[in-house]
Amino acid sequence: SQSYKKFPTQHDWLHGFIGATLRNCAHGLRRDGFLAINIANVAAYPNLAKVFLEYAKDNGWCLVETLQLQLSKMVGLKHIGKSAFKTEPIFVFRKK
């Protein structure tokens with residue numbers, strides 16, 4: 001059961017699925033605990049990472065760092081000066 005099926009609109013997914021996830025993490029973490037979460041833009045939600053960051057900050061999470069998760073190697077990019085690996089952000093937050 002994929003979350004996008006249960007929450008079919010961008011608004012519902014952000015507020016229903018991600019909202020509940022962040023609340024559960026806040027409940028389970030101690031004060032000053034860390035949350036690391038991989039949220040990347042997708043074709044159906046091209047500004048997802050930006051919207052997520054705004055939502056998390058508005059709900060009391062403090063962004064500490066953004067890491068890059070290295071994914072699969074992408075053939076043919078090295079010759080045009082781009083990284084040969086696709087990456088996605090991992091946002092690291094601290095619970096206030």
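Me: Which residues does Phe-52 touch, leaving out those up to four places away in sequence?
Reply: Happy to start there, with the reminder that this is a predicted model. Phe-52 is among the members of the largest nonpolar core that touch the most other members. Not counting residues up to four places away in sequence, its contacts are Leu-14, Ile-18, Leu-22, Ile-37, Ile-39, Phe-91 and Phe-93.

Me: And which element supplies the largest share of this core?
Reply: The core has 19 residues, and Ile-18, Leu-22, Ile-39, Phe-52, Phe-91 and Phe-93 touch the most other members. At least two core residues come from each of α2 (10-28), β1 (34-38), α3 (48-58) and β3 (85-95). The largest share, seven residues, belongs to α3.

Me: Could we step back: what pattern do the helices and strands follow along the sequence?
Reply: Of course! The protein has three helices and three strands. Reading along the sequence, you meet them as α-α-β-α-β-β.

Me: What percentage of the contacts between residues at least 6 apart in sequence join residues at least 24 apart?
Reply: The protein has 96 residues, and 30% of them are buried. Among the contacts between residues at least 6 apart in sequence, the share joining residues at least 24 apart is 62%.

Me: How far apart are the end C-alpha atoms of α2?
Reply: Let's begin with what to expect. Helix α2 has 19 residues, so at 1.5 Å a residue it should span 27 Å. The value in the model agrees with that: the end C-alpha atoms are separated by 26 Å.

Me: Where is the kink in α2 centred?
Reply: The buried residues of α2 are Trp-13, Leu-14, Ile-18, Gly-19 and Leu-22. They pack against α1 (3-6), β1, α3 and β2 (61-73). The helix has a kink of about 30°, and one of those buried residues is its centre: Gly-19.

Me: How are the rings of Trp-13 and Tyr-45 arranged?
Reply: A pair of aromatic rings is described by the distance of the centres and the angle of the planes. There are six aromatic pairs here. For Trp-13 and Tyr-45 the centres are 6.5 Å apart and the planes meet at 70°; since an angle over 60 degrees counts as edge-to-face, this pair is edge-to-face.

Me: How many residues apart in the chain are Trp-13 and Tyr-45?
Reply: Both residues are buried, and they belong to one aromatic cluster with Phe-7 and Phe-17. Trp-13 sits in helix α2, while Tyr-45 is in the loop between β1 and α3. The pair thus links distant parts of the chain, with a separation of 32 residues.

Me: Is Cys-25 buried or partly exposed?
Reply: Cys-25 lies in helix α2. It touches Leu-35 and Trp-61, not counting residues up to four places away in sequence. The C-alpha atoms of Cys-25 and Leu-35 are 7.4 Å apart, although ten residues separate the two along the chain. Buried means under 20% relative accessible area, and Cys-25 has 22%, so it is partly exposed.

Me: What is phi of Asp-32 near?
Reply: Most residues other than glycine have a negative phi. Asp-32 is found in the loop between α2 and β1, and it is partly exposed, with a relative accessible area of 44%. Its phi is positive, in a residue other than glycine, and lies near 70°.

Key: Residues are numbered from 1 along each chain as its sequence is written. This is a predicted model: local features need pLDDT of at least 70, side-chain atom pairs count only at pLDDT 80 or more; totals for chains, interfaces and linings use all residues. Side-chain values use heavy atoms; hydrogens and water are left out. A nonpolar core is a set of buried Ala, Val, Leu, Ile, Met, Phe, Trp, Tyr and Cys residues joined through side-chain atoms within 4.5 Å. Buried means under 20% relative accessible area, exposed over 50%, partly exposed in between (1.4 Å probe, protein chains only). Helices (H or I, at least four residues) and strands (E, at least two) are DSSP runs, numbered from the N terminus. Contact means heavy atoms within 4.5 Å. The expected span of a helix is 1.5 Å times one less than its number of residues. The bend at a residue is the angle between axes fitted to the seven residues ending there and the seven starting there. Rings of Phe, Tyr and Trp (its six-membered ring) pair if their centres lie within 6.5 Å; planes under 30 degrees apart count as stacked, over 60 as edge-to-face and the rest as tilted.
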